[in-house]
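Below are my notes on this model, set out as numbered points. Please read them alongside the coordinates.

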Amino acid sequence: MEHQILKGKKGIIFGALDERSIAWKTALAAHAAGAEIVLSNAPIALRMGKINELATLCNAQVIPADATSTSDLDNLMTKSMEIFGGKIDFILHSIGMSPNVRKNISYTNTNYENFLKTLDISALSLHRVLQSAMKADALNEWGSVVALSYIAAQRTFPGYNDMGDAKALLEGITRSFGYHYGFAKKVRVNTISQSPTVTSAGSGVAGFDVFYEYAEKMSPLGNASAEDCANYTIMLFSDYTRMVTMQNLFHDGGFSFTGVSTSIVEEIMKNNS
Ligand SMILES: NC(=O)c1ccc[n+]([C@@H]2O[C@H](COP(=O)([O-])OP(=O)(O)OC[C@H]3O[C@@H](n4cnc5c(N)ncnc54)[C@H](O)[C@@H]3O)[C@@H](O)[C@H]2O)c1
């Protein structure tokens, strides 16, 4: 799908760790659609991940920023505008991490220090990114900011732990900041609620394989891949979606509006017989 719908646009893409990352696929799709991009990730991820390979493929510069550090984000905005020689048109926030999930600490026995880190990294970071952009007046009018969410913001998925609360906050910040940025600068802010996807963050969730398969069986179109998500994101960065803001947009093959599917019913009947 190489339509040049982002020709002339410039953007920052957070969160490409390796070739499975949703941000990785989005960077490639944005580049193919004609955009100029800057890549960013936490300093530790830059050391461990493969972002420099991606930077070569996309002809992009890499600027480290811990998404929980306002000074890193302020620096990122200033440097990106220097590289682009002007303002920015789009930002992808593709950032998530829960120390409780990583350490297998259950939701009911949560460690509150970890919980606060989950919220800071996975949700408040969107507020920080938007605040840094607004302070630096870094985004062009009709600019577009997209963050990635999951349906655990609305419905409980026990293995998803405190990330469900983080996603609910992320979607709340999207609405609240979207309101302010819309009136101030006509900037759009939306979340995409993506199907389970095999990535480093995704596979770290307890029972991931089972709920990946469950979602695949429940969704009339099947699970949406990372590439599909990248294409949807490109559309949201483009001028075709100028009037869409403050939304949580399900990109999940119909999972969110399916009560139960025949294949799940048949499986239960088979197990009961
Ligand atoms: N994989 C799934 O099943 C799935 C489903 C729905 C939504 N999402 C969301 O998509 C987004 C991207 O995740 P992914 O699945 O591509 O996995 P991923 O592990 O490839 O990406 C997560 C990224 O967050 C970055 N990150 C963590 N802490 C950070 C910090 N302090 N500062 C800056 N960056 C930091 C990591 O370095 C990594 O690049 C996340 O928000 C995730 O919750 C994933």
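1. The protein has an average pLDDT of 96, and 99% of its residues score at least 70, where pLDDT is the predictor's confidence in each residue on a scale from 0 to 100. This is a predicted model, in which local features need pLDDT of at least 70 and side-chain atom pairs count only at pLDDT 80 or more, while totals for chains, interfaces and linings use all residues. Residues are numbered from 1 along each chain as its sequence is written. Among the elements, α8 has the lowest mean pLDDT, 84, and strand β6 (residues 188-194) the highest, 99.

2. The secondary structure consists of eleven helices and seven strands; these are DSSP runs numbered from the N terminus, helices being H or I over at least four residues and strands E over at least two. The radius of gyration of the protein, 18 Å, agrees with the value near 19 Å that a compact globule of 273 residues would have, the radius being taken over C-alpha atoms and the globule rule being 2.2 Å times the number of residues to the power 0.38. Along its principal axes the C-alpha trace spans about 65 × 45 × 40 Å.

3. Buried residues make up 45% of the 273 residues, a residue being buried if 20 or more other C-beta atoms lie within 10 Å of its own, exposed if 12 or fewer, and partly exposed in between, with C-beta atoms placed from the backbone. The largest nonpolar core has 70 residues, of which I13, A16, A27, A30, I37 and L39 touch the most other members; such a core is a set of buried Ala, Val, Leu, Ile, Met, Phe, Trp, Tyr and Cys residues joined through C-beta atoms within 7 Å. Leaving aside neighbours within four places in sequence, I37 is in contact (C-beta atoms, placed from the backbone, within 7 Å) with G11, I13, A27, A30, H31, C58 and A60.

4. Around the ligand there are 25 residues, of which S21, A45, G96, A201 and G202 come nearest; a residue counts as near if its C-beta atom, placed from the backbone, lies within 6 Å of the molecule. The elements that give two or more residues to this shell are α1 (22-32) and α8 (200-203), and α8 gives the most, with three residues. Anyone examining the ligand site may wish to recall that α8 is also the element with the lowest mean pLDDT.

5. Where does S94 sit? S94 is found in the loop between β4 (88-93) and α5 (99-102), and it counts as buried because it has 27 C-beta neighbours inside 10 Å. Not counting residues up to four places away in sequence, S94 touches F14, G15, S21, I22, A23, T26 and L148. S94 and A147 are 53 residues apart in sequence and 5.9 Å apart in space, C-alpha to C-alpha.

6. Two backbone angles deserve a check, since most residues other than glycine have a negative phi. W142, in strand β5 (residues 139-149), has a positive phi of about 65° although it is not a glycine, and with 14 C-beta neighbours inside 10 Å it counts as partly exposed. N161, which lies in the loop between β5 and α7 (163-185), has a positive phi of about 60°, and N161 is buried, with 25 other C-beta atoms within 10 Å.

Key: Contact = placed C-beta atoms within 7 Å.
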